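User: Hi! I'm new to reading protein models. Could you walk me through this one?

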Amino acid sequence: MATSTEHRRDGGRAGSFSSSSSDTAGNSTVLARLGDEEKLTPPEELEIHELDEYSSNSEDDALLMEKEDDDEPPKPQPPTEPKKGSFWSALIWMAVNTLATIGIVFTNKAIFTDPSLKLAQLSFACFHFLITYLTLYIISRPRFAFFVPRSTSLRNILPLSIAMSLNVILPNLSLAFSSVTFYQLARILLTPTVALMNYILYRATLPRLAILSLIPACLGVGMVSYYDSLPTNNTNIKTTSSLGVMFAFLGIFASSLYTVWIASYHRKLQMSSMQLLFNQAPLSAFMLLYVIPFVDTFPSSWGAVSVNKWLLIGMSGLYASLINISQFFIIAQTGPVSSTVVGHVKTCTIVALGWATSGRGAGDKGVGGVVVALGGIIAYSIVMLREKKGGK
């Protein structure tokens, strides 16, 4: 999780519930109606988390309150979002979110390096869904009242819960079989994929400059995919396997579909991101329990799993909780520019640390792809922020 995910320019999709998907700097766009004209806006307005892996840009998401009868006196309502805090408060929560997102990616990668845990992905996702649900349950209690829980029918939420599960499991599998650098950069492709889905489904288009900026972003990811998957004789260099590439692209499709559906479900069910996630997480965990015995490969002996690995699993759950909580405050206390900057800081930091720990040098040919991909997605964000500002 980063049962990320990391909805937000993360990380976070995600999250956020967050998974190692809390990852990405939210590089996707979803359909929103502004006036009489259809335009694309970042999905961070519509959901919390990257996984995350979203992972990441978040904007205000007003919680819908039920209308009261005009003839009855108004009833006191618990607060549904934190009061606007000080600059330092917002800065602290952004720092917490950034560190937790970075932490969950590298923690999950360390967990997946254990061969006995690499193929227990459904169990790992189920654990994160439960952590996400417990976190949301606690912060929804009257003592905290971060949001007001709402329920919906199983039929309404089932498709979204299935998409949510794939949105976590496939990116986690990508991380297990890929280098951190490739895993994080591949999530950039969420933006053009979601834009394409929105065009096919809703005929929604992007500004010309935004489309042009996505071209180098896609080319950069392609360059990194090629050079990072080349075999090498240096055992110190971490590379990406063909399975990692396959799971990455499958994960991008699943995450993009989840992002598009999230926008639709916001409108359909009239729920906020946390309210939707509060319904999705336990159902996703419950469904996985029926599949885990047939899919996951467990260690021959749980006692053989080192104490350090159990500590890492606990830290991963803690990071997921911190991402969910901090993302809520970021949504309430910062605007799109701040959220975008935080998202890009997370992406660039994860990519840089991933490169530094991969054993590759500064002269590696993949560096060019990294620079081109990051430059393209940052340019896209600038164009979209200007477009949004000009459309107001």
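Analyst: Sure, let's start with a word you'll need: a residue is buried under 20% relative accessible area, exposed over 50%, and partly exposed in between, using a 1.4 Å probe and protein chains only. Here, 56% of the 392 residues of the protein chain count as buried. This is a predicted model, where local features need pLDDT of at least 70 and side-chain atom pairs count only at pLDDT 80 or more, while totals for chains, interfaces and linings use all residues. Residues are numbered from 1 along each chain as its sequence is written, and side-chain values use heavy atoms, leaving out hydrogens and water.

User: How many helices and strands does the protein chain have?

Analyst: Helices (H or I, at least four residues) and strands (E, at least two) are DSSP runs, numbered from the N terminus. This protein chain has twelve helices and four strands.

User: Which residues of α7 are buried?

Analyst: First, the general idea. An α-helix has 3.6 residues a turn, so residues three or four places apart point the same way. Now the case: in α7, the buried residues include Ala-210, Ser-213, Leu-214, Ala-217 and Val-221. The buried residues of α7 cover an arc of only 140° around the axis (taken from the directions from the helix axis to the C-beta atoms), so they sit on the same side of α7. On the other side, Arg-208, Leu-219 and Tyr-226 are exposed.

User: What span should helix α7 have?

Analyst: The expected span of a helix is 1.5 Å times one less than its number of residues. Helix α7 (residues 208-228) has 21 residues and should span 30 Å; its end C-alpha atoms are 31 Å apart, which agrees.

User: Which side chain does Ser-316 join in a polar contact?

Analyst: A polar contact is a pair of N or O atoms within 3.5 Å; within protein, one must be able to donate a hydrogen and the other to accept it, and residues adjacent in sequence count only if both atoms are side-chain atoms. The side chains of Ser-316 and Asn-108 make one at 2.7 Å. Ser-316 lies in helix α10 (residues 307-333), while Asn-108 belongs to helix α1 (residues 87-112). Ser-316 is buried, at 0% relative accessible area, and Asn-108 is buried at 0% too.

User: How many disulfides does the structure hold?

Analyst: A disulfide is a pair of cysteine sulfur atoms within 2.5 Å. The structure holds zero. As for cysteines, Cys-126 is buried at 5% relative accessible area, whereas Cys-348 is partly exposed at 30%.
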